[in-house]
Amino acid sequence: MKISPLLSLLLISLAAPGGLALAAETPPVLGGLDAIYPELDALYRDLHQTPELSNQEAKTAAKLAGRLRKLGFEVTSKVGGHGVVALLRNGQGPTVMLRADMDALPVEEKTGLPYASKQKAKDAAGATHPAMHACGHDVHMTSLLGTATLLARSKDRWRGTLLLVGQPAEEVGAGARQMLQDGLFKRFPKPDFAVALHVNTAAAGTVEFTPGYAMASVDSVEVTLHGKGGHGAYPHTTVDPVVMAARVVLSLQTLVSREKNPLEPAVVTVGSIHGGAKHNIIPDDVKLHLSVRSYKPEVRKALLDGIERIAKAEAMASGAPRPPDIAITEGTPSTFNDPALTRRLVGAVSRVLGEKNLQEAPPVMGGEDFSEYGRAGVPAVMLWLGSTEPRQYAQAMAAGTALPSMHSPLFAPDRERTLRTGVTTLTTAALELLDKP
């Protein structure tokens, strides 16, 4: 199969352990990675096999906290739920925050891996689901622990304060806000910089970056339309909320197609409609569940205001007995990567991984509550960590086939190469931002 020159650049050397060949400017701190890798590999497998759902991460948090204490960090648990905050003070210098999220998803794993999750867990409503780290949070945590280990053992190489955060409830967009409300930047030193990694489906061994807006704001909106139910044979005696809902769904599309500047990205998706129980009964109510996504705060506000306006107007036009109920059940602001900090970190990481293994990526419509730390006044950057075996990635790109994405039951990172790159990237970023002795 012929591989294009662009894809060839994504195939990193397979000579070094884990397929990770570092550049000449490798910090001496990273020399300890080979020695600790078996321990990190075991931690990753354990985390992968024992996932916990959002706001239930007690055992996961205890694993992080225990290991960080052994490394000499001052550890505080139960910050904003099951959040873990670990401090390592090493003289005068900047405070650098490194964050990893801890929660898993209600997904049944179908990777067939020997360490696949077989866990089941109850959600907040009491329903039982399979659980899986289908979004790479096990990679994020393991990379954080690897970086913590290397930096704790090399305190002669840097000055300042490390602030490590194990964050709960990212998947429901609540954990960062919970930790901030519980005094993350008041009870502990407010960082000068915040850095995080997130896996994606790019080739393992590569890192992608997006200056400026990188991920969208995400709002989950629930709209309940109220009608007047009755027999399907006598619709004139009812106010049909199903017809009302159909009009709302169609009208909502104009928020993106006619009311928004076409150069500003936005999405309004009606993901579910629930109403009625039998073919000949017109129900009293219909519920709509929406996902609303954009980048700029003013676009976000206009979309949310427009949803309320359209729902109320269609209800009034239909003669509804009362206005609809409208609620935002989950909300995460857009993720903005500080451009200057992004350039600085990309320069440092490229000197270690090699320029060919760093690429700029376009913004995506996914969301991440890492955005909350930037909104709290801290220059912040999230870097994308490739996780697909390089040859598999190149073949998929050449064939135009889709790879299992995050949140897929088939998502399975190229474990060693991804973990080594994660530790290398996060450690390099921290060293770049901390003072030199």
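A residue counts as exposed when its relative accessible area is over 50%. In this predicted model, Lys 78 reaches 65% relative accessibility and is therefore classed as exposed. Lys 78 belongs to strand β1, which covers residues 74-79. Its backbone is worth a look too: Lys 78 has a positive phi of about 60 degrees, although it is not a glycine.

A positive phi is also found at Asn 55, again a residue that is not a glycine, with a value of about 65 degrees. Asn 55 sits in the loop between α2 and α3 (58-70). With 36% relative accessibility, Asn 55 counts as partly exposed.

The helix that precedes this loop, α2, leads on to a helix pair. Helix α2 (residues 33-49) packs with helix α4 (residues 137-152) at an angle of about 150 degrees, and their axes are 9 Å apart. Because angles over 145 degrees count as roughly antiparallel, α2 is roughly antiparallel to α4. The crossing of the two helices is right-handed. On the α2 side, the contact is formed by Leu 33, Ile 36, Leu 40, Leu 43, Tyr 44, Leu 47 and His 48. These meet Asp 138, Val 139, Met 141, Thr 142, Leu 145, Gly 146, Thr 149 and Leu 150 in α4. Sorted by character, the residues of this contact comprise ten nonpolar, four polar and one charged.

Attention now turns to the nonpolar cores. The largest of them holds 59 residues, and the members that touch the most others are Leu 68, Phe 73, Leu 98, Leu 162 and Leu 164. Helix α4 gives the most to this core, contributing eight residues. For Leu 68, leaving aside residues up to four places away in sequence, the contacts are Phe 73, Val 75, Val 84, Ala 86, Leu 145, Ala 148 and Leu 164. Leu 145 thus appears twice in this account, as a contact of Leu 68 and as one of the α4 residues that meet α2. A second core, separate from the one above, has 23 residues, including Leu 225, Ala 245, Val 268 and Ala 311.

A loop residue completes the picture. Ser 408 lies in the loop between α11 (390-399) and α12 (415-433). At 14% relative accessibility, Ser 408 falls under the 20% limit and so counts as buried. Among residues beyond four places away in sequence, Ser 408 touches Val 107, Met 132 and Ala 134.

Notes: Residues are numbered from 1 along each chain as its sequence is written. This is a predicted model: local features need pLDDT of at least 70, side-chain atom pairs count only at pLDDT 80 or more; totals for chains, interfaces and linings use all residues. Side-chain values use heavy atoms; hydrogens and water are left out. Axes are lines fitted to C-alpha atoms, for helices over the stretch in contact, and angles run from 0 to 180 degrees between N-to-C directions. Helices (H or I, at least four residues) and strands (E, at least two) are DSSP runs, numbered from the N terminus. Angles under 35 degrees count as roughly parallel, over 145 as roughly antiparallel, 65 to 115 as roughly perpendicular and the rest as oblique. A crossing is left-handed if the near helix is turned anticlockwise from the far one by less than a right angle, and right-handed if clockwise. Contact means heavy atoms within 4.5 Å. Ala, Val, Leu, Ile, Met, Phe, Trp, Tyr, Cys and Pro count as nonpolar, Asp, Glu, Lys and Arg as charged, and the others, Gly among them, as polar. Buried means under 20% relative accessible area, exposed over 50%, partly exposed in between (1.4 Å probe, protein chains only). A nonpolar core is a set of buried Ala, Val, Leu, Ile, Met, Phe, Trp, Tyr and Cys residues joined through side-chain atoms within 4.5 Å.
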